[in-house]
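The exercises below are meant to be worked with the sequence and the structure side by side. Try each task before reading its solution.

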Amino acid sequence: MGIIAWILIGLLAGAIAKLLMPGKDPGGLIITMLIGIAGGLLGGWLGKVVFGVDSIDGFFDVPTWIAAIVGSLILLVLYRALTGNRRSHRHA
């Protein structure tokens, strides 16, 4: 797949991850998009390394989307964990 396809999958996977995990995020729309793009790459890599599955077959393949969404969810959880503590200390 080309870089444009990865960006599109990442953007959509980030939006889906945000819908699956609602709540207040320390970042805005740009951060969510970046998390989605990085999450798509992370999900594809994890699919190959952990499960030995080629999860990056094509734009319309279900495993590609599942890997991208799972990767985005993982990064969103990590982002919230890392930045959530800083935000609560500002109001103290």
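**Exercise 1. Find which element of the chain has the lowest mean pLDDT and which the highest.**

Solution. Among the elements of the chain, α3 has the lowest mean pLDDT, 77, whereas helix α1 (residues 3–20) has the highest, 81; pLDDT is the predictor's confidence in each residue, from 0 to 100. Over the chain the average pLDDT is 75, and 75% of the residues score at least 70. This is a predicted model, in which local features need pLDDT of at least 70 and side-chain atom pairs count only at pLDDT 80 or more, while totals for chains, interfaces and linings use all residues. Residues are numbered from 1 along each chain as its sequence is written, and side-chain values use heavy atoms, with hydrogens and water left out.

**Exercise 2. Describe the secondary structure of the chain and its pattern along the sequence.**

Solution. Begin by counting elements: the chain has three helices and zero strands, where helices (H or I, at least four residues) and strands (E, at least two) are DSSP runs numbered from the N terminus. Reading along the sequence then gives the pattern α-α-α. Next, turn to contacts (heavy atoms within 4.5 Å): among those between residues at least 6 apart in sequence, 76% join residues at least 24 apart.

**Exercise 3. Identify the residues of the largest nonpolar core and the helices that supply them.**

Solution. A nonpolar core is a set of buried Ala, Val, Leu, Ile, Met, Phe, Trp, Tyr and Cys residues joined through side-chain atoms within 4.5 Å. The largest one has five residues, namely Ile9, Ala13, Trp65, Ala68 and Ile69. Helices α1 and α3 each supply at least two of these residues, and α3 gives the most, with three. Take Ile9, which lies in helix α1: its C-alpha atom is separated by 7.2 Å from that of Ala68, although the two residues are 59 apart along the chain.

**Exercise 4. Decide whether Ile9 and Ile74 are buried, partly exposed or exposed.**

Solution. Apply the cut-offs: buried means under 20% relative accessible area, exposed over 50%, and partly exposed in between (1.4 Å probe, protein chains only). Ile9 counts as buried because its relative accessibility is 0%. Ile74, found in helix α3 (residues 62–90), has 33% relative accessibility and therefore counts as partly exposed. For the chain as a whole, 32% of the 92 residues count as buried.
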